[in-house]
Amino acid sequence: MPTLKIFSTGLAAIALSVATGCTPTTQQSQNTSETPLAQSVQATESPSPNASPTTSRRNNLSSLDRQFITQAAQDGLAEVQLGQLASRRGTSATVKQFGQQMVQDHTQANNQLKQLAARKGVTLPTTIGRKNQQVSQRLSRLSGTNFDRQYLNEMLQAHQQDVAAFQREAQQGQDPDVKAFAAQTLPTLQQHLQEVSSIVNPGTSTSSPTSTSSPTPTSTP
């Protein structure tokens with residue numbers, strides 16, 4: 001009888017130790033299996049809020065808009081550089097004054113273009129380009145009335161090209177900000193073209209070239 005009691009007590013002790021030993025291992029396995037899952041979910045979800053929406057918008061310019069910005073920057077720098085040259089080496093007061101106006105107006109336009117390019121992520125050129133450099137070198141070798149005449153002719157051709165390029169961008173450009181810059185700057189370029197045209201050809205009318213209200217006087221005999 002005592003032997004049976006001792007045996008049953010031993011079985012109870014073994015059962016109790018087995019029961020207490022099993023439950024912590026299952027809880028540990030559950031805890032270790034849950035924590036990596038939570039960390040992996042957080043790791044996959046965390047990078048998305050840091051994505052910047054401006055990078056995709058910045059690089060969204062068409063090749064034509066980007067080409068317009070680059071060419072406008074080079075021509076704008078050239079207008080300032082040649083205007084400074086005219087204000088120093090010009091003979092007539094008219095040429096000197098026109099050169100100073102080119103420096104003032106195109107410096108302002110260049111600063112606006114810098115701000116636009118920064119918003120669009122476009123790196124502007126820091127030189128005037130090969131074609132404008134050739135013009136600058138050619139003018140630097142002249143003096144007196146020869147300089148005045150050649151400078152005015154260069155400004156006439158340059159502003160004819162500028163007006164055409166800015167009109168095209170204002171009408172056909174794809175980026176609304178670039179189009180707005182072209183449309184905003186266009187009247188100043190048209191004014192420059194009108195002024196230099198009246199200097200080179202004094203007989204031309206000073207009215208806007210777009211006006212078409214003068215064919216009627218031809219009816220006189």
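Visitor: How much surface does the protein chain expose, and what share of it do carbon and sulfur atoms supply?

Guide: Think of the area left open on the outside. In this predicted model, the protein chain exposes about 14,600 Å², and 54% of that comes from carbon and sulfur atoms.

Visitor: And what percentage of the residues are buried?

Guide: Here you count residues rather than area. Of the 221 residues in the protein chain, 28% are buried.

Visitor: How many helices and strands should I look for?

Guide: Look for 7 helices and 0 strands. Walking along the sequence, you meet α-α-α-α-α-α-α.

Visitor: What do the contacts say about parts that lie far apart in sequence?

Guide: Take the contacts between residues at least 6 apart in sequence: 72% of them join residues at least 24 apart.

Visitor: Which residues have the most contacts inside the largest nonpolar core?

Guide: Look for Phe68, Tyr151 and Phe166 in that core, which has 31 residues. The elements giving two or more residues to this core are α3 (63-89), α4 (93-120), α5 (129-140), α6 (144-172) and α7 (176-200).

Visitor: What does Phe68 touch, leaving out residues up to four places away in sequence?

Guide: Click on Phe68 and you'll find Ala165, Phe166 and Glu169 touching it, along with Val178, Phe181 and Ala182.

Visitor: Let's pick one helix. What span should the 12 residues of α5 have?

Guide: You allow 1.5 Å a residue, which gives an expected span of 16 Å for α5. The end C-alpha atoms of α5 are 16 Å apart, so the two agree.

Visitor: Which residues of α5 are buried?

Guide: Gly129, Asn132, Val135, Ser136 and Leu139 are. Looking down the axis of α5, you'd see these buried residues fall within an arc of 100 degrees, so they line one face of the helix.

Visitor: Why do residues three or four places apart point the same way in an α-helix?

Guide: Because an α-helix has 3.6 residues a turn.

Visitor: So what covers the buried residues of α5, and what sits on the face turned away from them?

Guide: The cover includes α3 and α6. The face turned away from the buried side of α5 carries Arg130 and Lys131, which are exposed.

Visitor: Last one: what is the mean pLDDT of the chain?

Guide: That's the predictor's confidence. The mean for the protein chain is 79, with 65% of its residues reaching 70 or more. Over residues 22-29 the pLDDT is below 50, and this stretch has 0 contacts in the model beyond near neighbours in sequence. Residues 31-56 also have pLDDT below 50, with 0 contacts beyond near neighbours in sequence.

Notes:
Residues are numbered from 1 along each chain as its sequence is written. This is a predicted model: local features need pLDDT of at least 70, side-chain atom pairs count only at pLDDT 80 or more; totals for chains, interfaces and linings use all residues. Side-chain values use heavy atoms; hydrogens and water are left out. A nonpolar core is a set of buried Ala, Val, Leu, Ile, Met, Phe, Trp, Tyr and Cys residues joined through side-chain atoms within 4.5 Å. Buried means under 20% relative accessible area, exposed over 50%, partly exposed in between (1.4 Å probe, protein chains only). Helices (H or I, at least four residues) and strands (E, at least two) are DSSP runs, numbered from the N terminus. Contact means heavy atoms within 4.5 Å. The expected span of a helix is 1.5 Å times one less than its number of residues. The arc is that of the directions from the helix axis to the C-beta atoms. pLDDT is the predictor's confidence in each residue, from 0 to 100. Accessible areas come from the Shrake-Rupley method with a 1.4 Å probe; for residues, only the protein chains shown count as cover.
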